Amino acid sequence: MIFYIVGYMASGKTTFGSELARQLKIPFIDLDRYVEEKEERSINELFSEEGEDGFRKIESRRLREATSETPHCVIACGGGTPCHFDNMDYLNENGITVFLETSTPVLISRLQAENETRPIVANKSDDEIEEQILSQLCERLPRYMEAKLKWHGDDLENQEQIETNVEEFINSYPSLFRDL
């Protein structure tokens, strides 16, 4: 079984997904890192050199490749992954999709703290970051809501919260984890 974690940038997909994989004792794949390794370029370089459309085609191809290579794993998708081509349909057909719902104030706080490591928000004011989040969430939310499961992503600020959040998730869906 594959668990695909989807949600907005800084929603906690990698944090939640890596802990879920650890607790389930299955591999974890961060799709952005996977794409970078396979393409031997950073996401920023891919966007710059290929444009967004070119990047999304590469991302979609690598998503399918990662899925076929590792049939039992957790994959943290990029924030835009489910919103392009038929990716969300593909995710739902090939595994359990989990939309990590994170409140706008938490997203803003996380992105402000990470604005040097996330070029898409670098050098933006707090108001500009909030405006970008709200605008993109309006566009992306319908696709995220197609996920089979929804889970809260606000409480992922320290290791204890992360472990507890994931344990609660696993305990909330016992039938999913019975055979793992």
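A salt bridge is taken here as a side-chain nitrogen of Lys or Arg within 4 Å of a carboxyl oxygen of Asp or Glu. In this predicted model, the structure holds 16 such pairs. One of them joins the side chains of Arg33 and Glu36, with 2.8 Å from N to O. Both residues belong to helix H2, where three positions, about one turn of the helix, lie between one and the other. Arg33 is partly exposed, at a relative accessible area of 41%.

Helix H1 (residues 13-24) offers a pair with a like spacing: Glu19 and Arg22 are three residues apart, about one helical turn, and their side chains meet in a salt bridge at 2.6 Å, N to O. Glu19 is buried, with a relative accessible area of 5%, whereas Arg22 is partly exposed at 49%.

Glu49 also takes part, forming a salt bridge with Arg41 whose closest N and O atoms are 2.7 Å apart. Through shared partners, salt bridges link Glu39, Arg41, Glu49, Glu50, Arg61, Arg62 and Glu65 into one network.

Turning to the nonpolar side chains, the largest core has 32 residues, and Tyr4, Tyr8, Ile75, Leu111 and Ile133 touch the most other members. Among the elements giving two or more residues to this core are strand S1 (2-6), helix H3 (43-69) and helix H6 (126-144). H3 supplies the largest share, six residues. Leaving aside residues up to four places away in sequence, Leu111 touches Tyr8, Met9, Ala10, Arg118, Val121, Ile129 and Ile133. Another core, of 20 residues, lies apart from the largest one and includes Ile5, Val98, Val166 and Leu176.

How values were computed:
Residues numbered from 1 in each chain as written. Predicted model: local features only at pLDDT ≥ 70, side-chain atom pairs only at ≥ 80, totals over all residues. Heavy atoms only, no water. Core = buried A, V, L, I, M, F, W, Y, C linked by side-chain atoms within 4.5 Å. Buried < 20%, exposed > 50% of the residue type's maximum accessible area, 1.4 Å probe, protein only. Helix = DSSP H or I, 4+ residues; strand = E, 2+ residues; numbered from the N terminus. Contact = heavy atoms within 4.5 Å.
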